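The following exercises concern a protein shown together with a ligand. Please work through each task before reading its solution.

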Amino acid sequence: MSEFIIHSIPGSPFGRAVMATLEEKGARYRLVPVMPGTLKSPAHLARHPFGRIPVLEHDGFWLYETQAILRYLDRVMPQPSLTPTDINRAARMDQVMNINDWYLFHGVGNVIIFHRVIAPRLMGQAPDEEAIKAAMPKAHTVFNELARLLGDQPYFTGDALSLADLLVAPAVEFFKTTPEWSALGAPHANLVNWMTRMQGRPSMKATTWERVSELAKAA
Ligand SMILES: N[C@@H](CCC(=O)N[C@@H](CS)C(=O)NCC(=O)O)C(=O)O
């Protein structure tokens, strides 16, 4: 199997989901770091016309959109499978992945995590407390719903890890580092235990911001 190349920026939860999936598959991959501030450059727009990350390159095949990338990886390397065979469980996986993209990221993660983690760390900016406060009602709905869907299962689709866990965990891990976690995540013991389970997986340990920054420096 030829090497997988990921164009991404250390710290991106979407990029981490791709790398964690590759780790779960035991695949050989290489990070090509995209420099922050160059997402709208002609060079990057040629890879991703919407100017985002991550982008996957494999055997001359180029692909962007994290869900499409994760499903591609699961098809091209079928073992271990990260998609349930049961139709209802597979539908649940798809649902959780869309909750990640539509509700956890848009208006919640891209506000709270941006202002609480990314802007202070990368741009030296103080958090915009008003923006964070305004995002909290939607954030509560998202975390309540994730906890409800997880229920008493070890993973979102049952006993086995799926692409849903790998997409959501990098985003939720960021929340754990914020003061908002005490209101959003901590009240849900099942979500807390799931996060601990995910953070204990070698795939997550191999793709922390620090580890991916080291890969970027070595590239
Ligand atoms: N729908 C895209 C979303 C990717 C995305 O928004 N990535 C963020 C980084 S985590 C990004 O590129 N942000 C740049 C920007 O908003 O300009 C996917 O699933 O890949």
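**Exercise 1. Polar contacts of the ligand**

Task: Determine which side chain has an N or O atom 2.8 Å from a nitrogen atom of the ligand, and then describe the remaining surroundings of the ligand.

Solution. Step 1: in this predicted model, the side chain of Glu65 places an N or O atom 2.8 Å from a ligand nitrogen atom.

Step 2: turn to the oxygen atoms of the ligand. One of these is 2.6 Å from an N or O atom in the side chain of Arg52.

Step 3: consider the backbone. Ile53 has a backbone N or O atom that lies 2.9 Å from a nitrogen atom of the ligand.

Step 4: assess the cover. On its own the ligand has 510 Å² of accessible area, and the protein covers 77% of this.

Step 5: list the neighbours, taking a heavy atom within 4 Å as the cut-off. Besides Arg52, Ile53 and Glu65, the ligand is surrounded by Ser12, Pro13, Phe14, Leu39, Lys40, Pro54, Thr66 and Phe105.

**Exercise 2. The largest pocket**

Task: State how much space lies in the largest pocket, and establish which residues and elements line this pocket.

Solution. Step 1: the space in the largest pocket is about 1,100 Å³.

Step 2: the lining comprises 37 residues, of which Ser12, Phe14, Arg52, Ile53 and Phe105 are the closest to the centre. Each of these five residues also appears among those that surround the ligand.

Step 3: assign the lining to elements. Two or more residues come from each of α1 (13-25), α3 (66-76), α4 (87-123) and α6 (163-176). The greatest contribution, 14 residues, is that of α4.

Step 4: classify the lining. There are 21 nonpolar, twelve polar and four charged residues.

**Exercise 3. The second largest pocket**

Task: Describe the second largest pocket in the same manner, beginning with its space.

Solution. Step 1: about 240 Å³ of space lies in this second pocket.

Step 2: its lining has 20 residues, and those closest to the centre are Arg16, Glu173, Phe174, Thr208 and Trp209.

Step 3: the elements that supply two or more lining residues are α1, α4, α6 and α10 (209-218). Of these, α1 provides the largest share, with four residues.

Step 4: by class, the lining divides into nine nonpolar, seven polar and four charged residues.

**Exercise 4. The hairpin and backbone geometry**

Task: Find how strands β3 and β4 run relative to each other, parallel or antiparallel, and locate the cis peptide bonds at Pro54 and Pro80.

Solution. Step 1: β3 (residues 55-58) and β4 (residues 61-64) run antiparallel and are joined by four bridges. Within this pair, Val55 stands opposite Tyr64.

Step 2: examine the connection. Two residues lie between the strands of the hairpin, and Asp59 is found in this loop. Although Asp59 is not a glycine, its phi is positive, at about 55°.

Step 3: move to the loop between α2 (42-47) and β3, where Pro54 lies. The peptide bond from Ile53 to Pro54 is cis, with omega near 5°. Both Ile53 and Pro54 are among the residues that surround the ligand.

Step 4: proceed to the loop between α3 and α4, which holds Pro80. Gln79 and Pro80 are joined by a cis peptide bond, with omega about -10°.

Technical notes:
Residues numbered from 1 in each chain as written. Predicted model: local features only at pLDDT ≥ 70, side-chain atom pairs only at ≥ 80, totals over all residues. Heavy atoms only, no water. 1 Å grid on protein atoms, 1.4 Å probe; cavity = no way out; pocket = protein on both sides within 12 Å on 5 of 7 lines; lining within 4 Å. Points joined across faces, edges and corners; volume = space filled by probe spheres on them. Nonpolar A, V, L, I, M, F, W, Y, C, P; charged D, E, K, R; others polar. Pairing = 2+ DSSP bridges. Polar contact = N/O pair within 3.5 Å; in protein donor to acceptor, adjacent residues only side chain to side chain. Areas by Shrake-Rupley, 256 points an atom, 1.4 Å probe, with all protein chains shown as cover.
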